[in-house]
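Trainee: I should like to learn how to read a structure that is new to me. May we go through its features one at a time?

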Amino acid sequence: MMRTIEVLLVIIIILGASMIASFFAVLPSPREVSPLNLRRLAFTTLQVLDVNYSLSRIVFMSPNDPAWNELQIALSACLPPNIIYNLTVYEVQSGNATELYRFKMSISNAESLGIASDAASYLVASSNVTFHVIPEKIGTSGVGGTLYILNCSDARGWWIAGYTAQSLAQDLKNLLEPYFKTTVMVQNTTDFGKILNNNTLQGEVVQNAVVINTFGEAVPIPTEYCKPPYSNGNYANYSYFLGQQVRRYNWTWASIVGYPFYYVSNTISLKDSQNGYGIYGMIKVDKPGMNAFLQGLDNEQYTPSSASVVGDVGVVQLSPQVLDSCNYYGIYPSPNQTSTRAIQKSILSTYPNLTVGLLIFDEKSGCYPGALYNHRNGTKIEGSLLALGLTRTPDIRLTAIGLLSYFKPRLYASEYTAANATRLVVLQLGLVGGV
Amino acid sequence: MVSSTIDHMVSVMVFLGALLLFIGLFNQTIQTAILYQRHRYLATKCSDLLDNTLLNPGSWSGSIPTSFGLQDPEFKQYTLSPFSLMRLLSSSGDRVYYDKTGKWYSNVSWGIGGGYLLLQESGCIDYLTASKLLGINGTYGFQLTITPTVNVAIVEDKSVTDHLRLNITVMGQGSPLAGASVNYLIFWANSTTGDLRANTTKTNAVGFVLLDFDGNDLPKIEVSQNQTAYTFIARVSLGGLRGVGYLSRETVTKAGNIIPFIESYENGTILLAHKWGKNDPGKECQGALHFNATFYVLPDNFSPIKSDVLNLTGGPWLVNYGQEKPFYAVQIPPEARNEAGFLVVTYWREDENEYEYGMVVMPWGIGVIGLSVVFGGDPRGQEWVATDVRQVLVGDIAYQAKFALWSLEGFGVVG
């Protein structure tokens, strides 16, 4: 009898355990087991309503505006009948306001959303607000910061077929001006002569400047240099002088297309000379021009040399670093270009102080189709050359992205806190019916 | 001694019985909990797969895609490509076999409101391939349904005989679209004229609008005895919500009618087929059917841009079954092929006494005229189906993407 009583006691204990376990093991309702993702549905609903910025327009209207009725009809129409909603708009406060969000308006089709609801929020900006990206100015944290764009009216370009140097200069100015402290359009060869002698044109800093030659394979030559010794060697000596000045002022000289320093041009002083193709005001320096420039840059004694330093390498590809910069700066030239004047890698052995500061295009067949070279004196950079050995016609976006990739100016997005310009839209959804 | 033994035996038996009963009770609770857990996992998986499909443009180049996704590569978030959707092998309508080419065609729309979208199956992605690319082949089944959020129903009022009257009803998912702006285009053709007219109106409080083409505010269009054919496309917008609907007056003349088949999506080749096969012309078909085909690109501003199709077959624009001209090949011009638009085919039969006109429309891209797409398996009969839904855009038209997912491995916990 005792055993039976003991068993009954055990049964009572197990029954108690079972009841307690059942009490605590509360299973969720079927709706919670396999729920609609209301948060995602709410978010996508807001996105659909904001197609063509309709939602952004309506939430800034006065609460009495009929557009709110339209929004409510649209909201009711795009949600299934078993879904109830509450759409609330808050004004985002800025400055020293004590509350971050202030209630503006609410529309709903039910008094309460029940116990199972979810919400998504969507930040919209007034159409009156414009957002800016402010670029860091090159030279802000150091010296330099001047951009010279050669726009000489008394010079002619070569290998820039389809463009004029002046139109290229204007496009470059539009692209690069925001990134430099000062941008100076060098309007004639006289002004160019001034900066070659460290004289400012508009109070800018000549030292550490960037000089873009928009004349392609030709280089403008001031009148005072159209004579010996600069005219020696078919004006190769002038290129040597340019190399020296680039080193002296630590300039970055940019050649936008073709074989650098292949011609010199001055439509007044050289008006009776032609470059061999019937273009007057231009003299062909030929291959010695580039060699002389590099000698000047390297601070060597000038020795005439007719050796070619370029190769024809065909289709080339932008380097990964420059491709990244394309996305950062939003400049998108074609990543594939044709290079017929790629500078041979061997110049680095001929001029040991020359190093590659930036590969604009990937190396190909022992040549650099586009690169920025630094002349180094120990660890110090004294003059640089950006050379794009591409075939005509030039794409000045490549020069721009090459310079930006090298100097890496940062982009600062403007703040998203314009007063009363931002509203937060919260859409809360709930389910009705069923279990 | 005996009574003690009996006491033991009884107590042990009662104890064992009680124990088994309680094990069963606990087991039931645990089984139910595991099932619930699996169902919840299925719902989460469903939501993930839907987002994966909608937020990924996929790779559609080449005959075998390398990833599955429907997002428009040119847009962000939940905007879908009208062309990727077009290339899903439809599971809503019966496959169509056209014996003149010996090929099967995906049937998104077979003459619904005079609209046809039949794309050769080799240009489509099928359910099995999509399952493999989603990584769920053999483990889960799914069905993806893309339907317009706004239903624009356009019906010809047959009680009016002397002119064309169209009744348009605009309904959302949960309520009618009252006060919505309705922009519409109507193309019509008859023996004397053919024209295109665009206009705007508004729906009333119950989302209804009536258009009388009686020669007063609108041009007079007479459709009795098939003397005029037309294609009507309406775009509705209200508070950011946009929908589209259409109606094309497809008639079966005594010489049959014309069905457009997309022979090659890549090349934009369309076969304008004389009614045959599934569209058997029957014995009543007599003589040649003349036609005209024009492609229109439909940009966001709802102003169609006409683009003449290229004539691949050559010769006069007619099909005649008896003369071995069962179909006619045209091509959408390359510059228009990447734009969403529609092809309007006007056909007519003429003899000494009468003309009969008909018109069909074929969208180039889902969303242009508001077609729906159903892709995947059949969820009917499955033990547990999880569903999830998103609001999406196709072009600027609001659609809902519904994803149904079920397990192919069963949910049995015991046995």
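**Reading the contact, the cores and one residue**

Mentor: With 17 C-beta neighbours inside 10 Å, Ala67(A) counts as partly exposed. Please keep in mind throughout that this is a predicted model.

Trainee: Why does Ala67(A) count as partly exposed?

Mentor: The label rests on a count of neighbours: 20 or more would make a residue buried, and 12 or fewer would make it exposed. Ala67(A) has 17 such neighbours inside 10 Å, and therefore counts as partly exposed.

Trainee: In which helix does Ala67(A) lie, and with which residues is it in contact beyond four places in sequence?

Mentor: Ala67(A) lies in helix H5 of chain A, which covers residues 67–78. Apart from its neighbours within four places in sequence, Ala67(A) is in contact with Ile58(A) and Met61(A). One may also consider a distance: the C-alpha atoms of Ala67(A) and Arg57(A) are separated by 9.2 Å, and the two residues are 10 apart along the chain.

Trainee: How should I read the contact between the chains, and how many residues does it take from each?

Mentor: The size of an interface is often given as the accessible area lost when the parts come together. Here we may use residue counts: the contact takes 41 residues from chain A and 44 residues from chain B. On the side of chain B that touches chain A, H1(B) provides the largest share, with 19 residues. By class, that side of chain B has 22 nonpolar, 16 polar and 6 charged residues.

Trainee: At what angle do the axes of H1(A) and H1(B) cross?

Mentor: The axes cross at roughly 5° and come within 9 Å. Angles under 35 degrees count as roughly parallel, so H1(A) is roughly parallel to H1(B). Among the residues making this contact are Val7(A), Ile11(A) and Ile14(A) of H1(A), together with Val14(B), Phe15(B) and Phe22(B) of H1(B). By class, the contact of H1(A) with H1(B) has 11 nonpolar, 6 polar and 3 charged residues.

Trainee: How many residues does the largest nonpolar core have?

Mentor: In soluble globular proteins, nonpolar side chains tend to be buried together. The largest nonpolar core in this model has 147 residues, and those with the most contacts inside it include Phe232(B), Phe342(B) and Leu405(B). Strand S24 of chain B, residues 397–407, gives the largest share of this core, 8 residues. A second, separate core has 92 residues, including Trp158(A) and Phe215(A).

Trainee: Which residues does Phe342(B) touch?

Mentor: Not counting residues up to four places away in sequence, Phe342(B) touches Tyr296(B), Leu298(B), Val361(B), Met362(B), Pro363(B), Trp364(B), Val368(B) and Ile369(B).

How values were computed. Residues numbered from 1 in each chain as written. Chains lettered and ligands numbered in written order. Predicted model: local features only at pLDDT ≥ 70, side-chain atom pairs only at ≥ 80, totals over all residues. Contact = placed C-beta atoms within 7 Å. Helix = DSSP H or I, 4+ residues; strand = E, 2+ residues; numbered from the N terminus. Nonpolar A, V, L, I, M, F, W, Y, C, P; charged D, E, K, R; others polar. Core = buried A, V, L, I, M, F, W, Y, C linked by C-beta atoms within 7 Å. Axes fitted to C-alpha atoms, helices over the stretch in contact; angles between N-to-C directions. Parallel < 35°, antiparallel > 145°, perpendicular 65-115°, else oblique.
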